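Q: I'd like a close look at one part of this model rather than a quick tour of everything. Could you pick a single helix and walk me through it and its surroundings?
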Protein chains: 2
Amino acid sequence: MGRTANPATRDGLMEAAFDLVRAKGLAATSVDEICAAASVSKGAFFHHFKSKEQLAAAAADHWSETTGRMFEAAPYHDADDPLDRVLGYIAFRAQLIDGAPQAFTCFVGTMVQEAYATSPAVQAACWNSISGHAERLVEDIEAAVARYGIDADWSARSLALHTQAVLQGAFILAKASGEPEAARDTVHHLKRYVELLFGRTGRA
Amino acid sequence: MGRTANPATRDGLMEAAFDLVRAKGLAATSVDEICAAASVSKGAFFHHFKSKEQLAAAAADHWSETTGRMFEAAPYHDADDPLDRVLGYIAFRAQLIDGAPQAFTCFVGTMVQEAYATSPAVQAACWNSISGHAERLVEDIEAAVARYGIDADWSARSLALHTQAVLQGAFILAKASGEPEAARDTVHHLKRYVELLFGRTGRA
């Protein structure tokens, strides 16, 4: 094609997909709807992406980058104690759960639910996003294990992935119940679990 | 319609939907595919259901009934100690995680992920299924709280729902990673959490 690809158009298409997929899933979202939401022509869509599937996989990477920047800038990183950073991350995630599910739920978690078996490219991109995000917690969890002298029979990586499982499950409770409260409650259980693992609470 | 509805045909259609939806989601599953998988004509489908949406909502109820019977018959109910029954339930759930995700993941959790905003009937049926299943744990959790004299700042119902969130999140990890291991790991964290809540472990 003779045109120069406009990166803003490409980002706009992927960001339209974030909202549409979180509202109704990937299969129910058409290329036409993505184009309409991004105010982009179908010709421009196919200038940037070969197919909806290719857009979905690229959008999973873009999701990792944009949410990654937001988490990078969040204040929980400032705490001196690594356990406070881990608990601060969890509290930050709980704070984000507010309003309509399409605003706070996870683009990649929703997409992989449907597409894991039918689209290896989407599956791989979603796993990259989820496991890559979890990876950013590993260093703080390891530092907390060392600082608190915990004789852990679990790995930092498995606890980091568990935080992601709880969040993904929380989103399903919110979608099913129609209430963000159910999701926040389950994230509070996660916080309590981490506190108990590190002996931070007098309860139990 | 003049024909008498055959309950076996109706169940067969719903059970075909269990497998198809768990493999690729609700929107990607067509009425034609459900009919083919159930070896039923399209006429017979519309004799039983007005639409795919109506089948999906009815199938969520059928899912609750069939999985409910399986859990009812599981051996973990036999333990004398209510905490052993709760931990036995979690161990039973971990055992079920094996093979391909379409065999062990949750029909209603997959469906609500896509359909919560577009189909109130499917959303309500999925929430009934998830919250109804959680409700069956509440009595054992309450009995364990009483038996172990736990001064809980959480409700039995919220812990029961948390178990469901972890399981739903575990299924997403399994689908994304392509490995049941990631799902089993997160269920082991849930087991450890319940043990810690009831002071059953020396670790931490």
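A: Let's start right at the end of a helix: B:Gly178, just after H9(B), has a positive phi of about 75°. Keep in mind that this is a predicted model.

Now step back into the helix itself. H9 of chain B covers residues 156-177, which makes 22 residues. At 1.5 Å a residue that should give a span of 32 Å, and the end C-alpha atoms are indeed 32 Å apart, so the expected and modelled lengths agree. How enclosed is H9(B) by the rest of the structure? Largely, because 20 of its 22 residues are buried, counting a residue as buried when 20 or more other C-beta atoms lie within 10 Å of its own.

Next, the partner chain. Chain B can be laid on chain A by a turn of 180° with a shift of 0.0 Å along the axis, leaving an RMSD of 0.0 Å. That is how a two-fold axis relates its copies. Both copies use the same surface, too: 100% of the contact residues of chain B turn up again in chain A. As for the rotation axis, the residue of chain B that comes closest is B:Gly169, with its C-alpha at 2.1 Å.

For the wider setting, look at chain A. Its secondary structure is 10 helices and 0 strands. Of its 204 residues, 48% are buried. Take the contacts in chain A between residues at least 6 apart in sequence: 63% of them join residues at least 24 apart. The C-alpha trace of chain A spans about 65 × 35 × 30 Å along its principal axes.

How values were computed: Residues numbered from 1 in each chain as written. Chains lettered and ligands numbered in written order. Predicted model: local features only at pLDDT ≥ 70, side-chain atom pairs only at ≥ 80, totals over all residues. Helix = DSSP H or I, 4+ residues; strand = E, 2+ residues; numbered from the N terminus. Buried ≥ 20, exposed ≤ 12 C-beta atoms within 10 Å, placed from the backbone. Contact = placed C-beta atoms within 7 Å. Expected span 1.5 Å × (residues − 1). Least-squares fit on C-alpha atoms with pLDDT ≥ 70 in both.
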